[in-house]
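User: Please take a close look at one part of this model, starting with a single side chain, and then place it within the chain as a whole. I would like the criteria behind each term to be stated as you go.

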Amino acid sequence: MVNHFYINEGRRCAQTAIKCAVGNRNLSWEYLDAITGRKRDQITTPIQMAYGLQKMDISFIYPVKNSFLTINSHLLKGEIIKDFGEDNFNRLNFNFLEKARLGIINSRNYCKTDNLNLKEIKNLIKKRRVPICLINYDKYVNREDKKRGHYLIILDIKEDCVEIMDPGPFNASSNKIISRKRLEESLMQTPIDYGIVFI
């Protein structure tokens with residue numbers, strides 16, 4: 001399934017997860033930053049990941065909420081600030097996020113759904129899809145919740161545990177077992193999507 005592992009170098013967990021899932025060692029960090037709209041230490045959202053994969057012409061499944069199609073920029077900005085705080089919003093390339101959202105809408109490269117659960121994620125893993133998921137890293141490591149995001153690759157979901165790939169940089173591992181409850185409590189959604197992209 002995922003046979004390549006790269007360690008996150010400098011707040012690039014989204015870009016590193018893409019590189020691991022795609023398995024192309026020739027993808028430069030600068031290229032991955034450019035196609036996902038990341039500059040310096042900015043946050044990368046799932047929509048930016050999906051848009052980057054679209055630019056790379058890689059097949060992916062991107063589950064979205066109905067609001068992905070209907071929300072305007074002003075309301076989306078307000079929802080992001082409400083859910084994630086102004087500090088996190090200020091670390092976001094919002095203009096690129098909006099460009100990415102409109103690009104995905106125009107290409108119809110999304111999958112609208114009312115819900116997404118671990119059973120559906122497991123079914124897609126069985127179909128050899130690789131889920132890159134956004135988690136609340138503060139909840140994941142049990143510290144003060146400032147809604148800091150991080151990306152993991154889910155390799156397998158079992159009854160009580162989950163096998164993941166964590167690109168780090170802290171405690172990086174190509175194969176880590178965590179409790180299913182820990183993952184479920186850490187999964188992070190955004191106002192427009194479920195925080196997950198399947199390659």
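Analyst: Cys20 counts as buried, with a relative accessibility of 1%, where buried means under 20% relative accessible area, exposed over 50% and partly exposed in between, computed with a 1.4 Å probe on protein chains only. This is a predicted model, in which local features need pLDDT of at least 70 and side-chain atom pairs count only at pLDDT 80 or more, while totals for chains, interfaces and linings use all residues. Residues are numbered from 1 along each chain as its sequence is written, and side-chain values use heavy atoms, with hydrogens and water left out.

The closest cysteine sulfur to that of Cys20 belongs to Cys13 and lies 11 Å away, which is too far for a bond; a disulfide here is a pair of cysteine sulfur atoms within 2.5 Å. Searching the whole structure in this way gives zero disulfides. Cys13 is likewise in no disulfide, and the cysteine sulfur nearest to its own is that of Cys133, at 11 Å. Cys13 is also buried, at 12% relative accessibility.

The chain around these cysteines contains ten helices and seven strands, these being DSSP runs numbered from the N terminus, with helices of type H or I and at least four residues, and strands of type E and at least two. The radius of gyration is 15 Å, close to the 16 Å that the globule rule gives for 199 residues, so the chain is as compact as a globular protein of that length; the radius is taken over C-alpha atoms, and the rule is 2.2 Å times the number of residues to the power 0.38. The C-alpha trace spans about 40 × 35 × 30 Å along its principal axes, and 50% of the 199 residues count as buried. Of the contacts between residues at least 6 apart in sequence, 63% join residues at least 24 apart, a contact meaning heavy atoms within 4.5 Å.

Helix H2 (residues 29-36) shows how one element fits into this arrangement: its buried residues are Trp29, Leu32, Asp33, Ile35 and Thr36, and they pack against H1, H3 and helix H7 (94-107). An α-helix has 3.6 residues a turn, so residues three or four places apart point the same way. After H2 comes Gly37, with a positive phi near 75 degrees. Arg40, in the loop between H2 and H3, also has a positive phi, near 50 degrees, although Arg40 is not glycine, and this arginine is exposed, at 66% relative accessibility.

Two of the elements that H2 packs against, H1 and H3, return in the lining of the largest pocket. Helix H1 (13-22), helix H3 (46-55), helix H5 (73-84), helix H6 (86-90) and strand S4 (149-157) each supply at least two of its lining residues. A pocket is an open set of points on a 1 Å grid over the protein atoms alone, where a 1.4 Å probe fits and protein lies on both sides within 12 Å along at least five of seven lines; lining residues have an atom within 4 Å of a point. The largest pocket has a volume of about 780 Å³, taken as the space filled by probe spheres set on points that are joined across faces, edges and corners. Its lining has 39 residues, with Ile43, Arg91, Arg148, Gly149 and His150 nearest the centre. By class, 19 are nonpolar, eleven polar and nine charged, where nonpolar covers Ala, Val, Leu, Ile, Met, Phe, Trp, Tyr, Cys and Pro, charged covers Asp, Glu, Lys and Arg, and the others, Gly among them, are polar.

The second largest pocket holds about 160 Å³, and of its 13 lining residues, Leu116, Ile121, Leu187, Gln189 and Tyr194 are closest to the centre. Helix H8 (118-126) and strand S3 (131-136) are the elements giving two or more residues to this lining, which comprises nine nonpolar, three polar and one charged residues.

Some backbone details remain. Arg108, in the loop between H7 and strand S2 (111-112), has a positive phi near 60 degrees and is exposed, at 68% relative accessible area. Gly168 and Pro169 are joined by a cis peptide bond with omega about 25 degrees, and Pro169 sits in the loop between strand S5 (161-166) and strand S6 (173-179). Most residues other than glycine have a negative phi, and most peptide bonds are trans.
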